[in-house]
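Here's a model to explore with the viewer open beside you. Let's see how its parts fit together.

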There are 2 protein chains.
Amino acid sequence: MTEWLEGLTARRATVGRSSTAARVADVLRQDVTDGRLLPGTRLSEEEIGAALGISRNTLREAFRLLTHERLLVHEFNRGVFVRRLDAQDVRDLYRVRRVVETAALRHAGDAPAARMTAVRQAVEAGERAAVGGDWTTVGSANMHFHQALTGLVDSPRLDETMRQLLAELRLVFHVMADPQGFHEPYLQGNREIYQLLRDGKIDAAEEALASYFDVAEKQLLDAMA
Amino acid sequence: MTEWLEGLTARRATVGRSSTAARVADVLRQDVTDGRLLPGTRLSEEEIGAALGISRNTLREAFRLLTHERLLVHEFNRGVFVRRLDAQDVRDLYRVRRVVETAALRHAGDAPAARMTAVRQAVEAGERAAVGGDWTTVGSANMHFHQALTGLVDSPRLDETMRQLLAELRLVFHVMADPQGFHEPYLQGNREIYQLLRDGKIDAAEEALASYFDVAEKQLLDAMA
DNA sequence: GCATATTTGTCCGTATGTATA
DNA sequence: CTATACATACGGACAAATATG
């Protein structure tokens, strides 16, 4: 360590468990994903810090958490802004989903039973919410369904990647004016994918999932244009 | 030419300007991935801040950046430490690699030509370095090879995921006492995978890659035990 | 177990640089 | 070009937790 420190000195020229920050991040994340803070909005350190009664340092840490989740973007000397996704971002996000989620299906056979149960529960939660006409919850259940598919790989890091990816995708869901029309058709598709998986028909499940991606991606891109 | 110059001026903001925290993070990241700072080492705020001539607040910001990259871990009221990977981490990292990199091979046909060229160049760079006996460079070239495989998907987000994953994996490469013995066998495997890909033999390439993962994972886990 | 020194957690005030109207 | 607003970075202060004797 001391040797390394001496080395550092020569290179000067080149050069928490902070639960409050996490709570602040939770608040801001909710406001962003629910559309109360629209893409492009600038987030002033002073205003928000004063509003929440926290110091700038703590707030900056919360900003950093959300920047890492790609919900905010940080422009040097200009501040942080709510991320604005363009068509290219949406295409990239679906590209990653195709890679990760179809790979997950192929791992369904090796997955612990609990992981498969989570898939079924997400399907059923969506169907229950649809009966009650609660389309916001249907949307959440759909997210959980895809999160559960990824979970079949049984990898914490992949789970985290997908969690962030879906949060990012929510930024663009607000362009969909009609939540029922957007979410309802996926309920049947989700059940179909689950049943194919359960019956070991991996290839068919993969095909059904692929067609879901094609449709959803196109819907979003059309709505953005 | 003049139009282009005006465009350049507008892009000054994106060139060569970064926060000191980001530059400090660069220095520390290099020292961690190169093994000058070994896993488990505690990083003292005061010592490092003094050595680099920066304030504690700025240094803490750099720590947070690297913590988000999983290269450091932050223990509340105890400080930050260089991350120490356990066997479970290694298994998870290879699980993600299997998902992402094998999916990448299946995209090889659709990939832009430049992406395929990058794969070939990584293979050749490794072979050149091996002739010179430069095993550190062979190791880097091997990283670049796998980064290039991921690049076949042509997805910025997947590229970033793999970049961070490989940086994390470097934390554990230092347990390998014999760099030549560790890296040399992969040179041939890399060339084989490249040639199979080039010839459109996707399934065979995938098989070769899978066996690489099995061997490398086992080697690392054995060395850790 | 106790007292002390060290280190981190948090916040504030301020000087400087940068962007924008 | 000027004025204003804001981000960056520093240094200091004190509380709280941890490590050390």
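A residue counts as near a strand of DNA here if its C-beta atom, placed from the backbone, lies within 6 Å of that DNA. Keep in mind that this is a predicted model.

**Around the DNA**

So which residues surround DNA strand D? There are 15 of them, and the closest are G79(A), S19(B), T20(B), S55(B) and T58(B). Chain A brings in helix 3 (45-52), while chain B brings in helix 2 (20-33) and helix 4 (56-68), and each of these helices gives at least two residues to the surface near DNA strand D. Sort that surface by residue type and you get nine polar, three charged and three nonpolar residues.

**Strands in chain A**

Now look at how the strands of chain A pair up. Here are the two pairings, side by side:

| Strand pair | Direction | Bridges | One partner pair |
|---|---|---|---|
| strand 1 (residues 42-43) and strand 3 (residues 79-82) of chain A | antiparallel | two | R42(A) with F81(A) |
| strand 2 (residues 72-75) and strand 3 of chain A | antiparallel | four | V73(A) with F81(A) |

Notice F81(A) in strand 3: it is the bridge partner of R42(A) and also of V73(A). Strand 2 and strand 3 of chain A form a hairpin with three residues between the strands, and N77(A) takes a positive phi near 65 degrees there.

**Two chains, one rotation**

How do you get chain A onto chain B? Turn chain A by 179 degrees and shift it 0.4 Å along the rotation axis, and the two superpose with an RMSD of 0.6 Å. That's the relation of a two-fold axis.

Technical notes:
Residues numbered from 1 in each chain as written. Chains lettered and ligands numbered in written order. Predicted model: local features only at pLDDT ≥ 70, side-chain atom pairs only at ≥ 80, totals over all residues. Nonpolar A, V, L, I, M, F, W, Y, C, P; charged D, E, K, R; others polar. Least-squares fit on C-alpha atoms with pLDDT ≥ 70 in both. Pairing = 2+ DSSP bridges.
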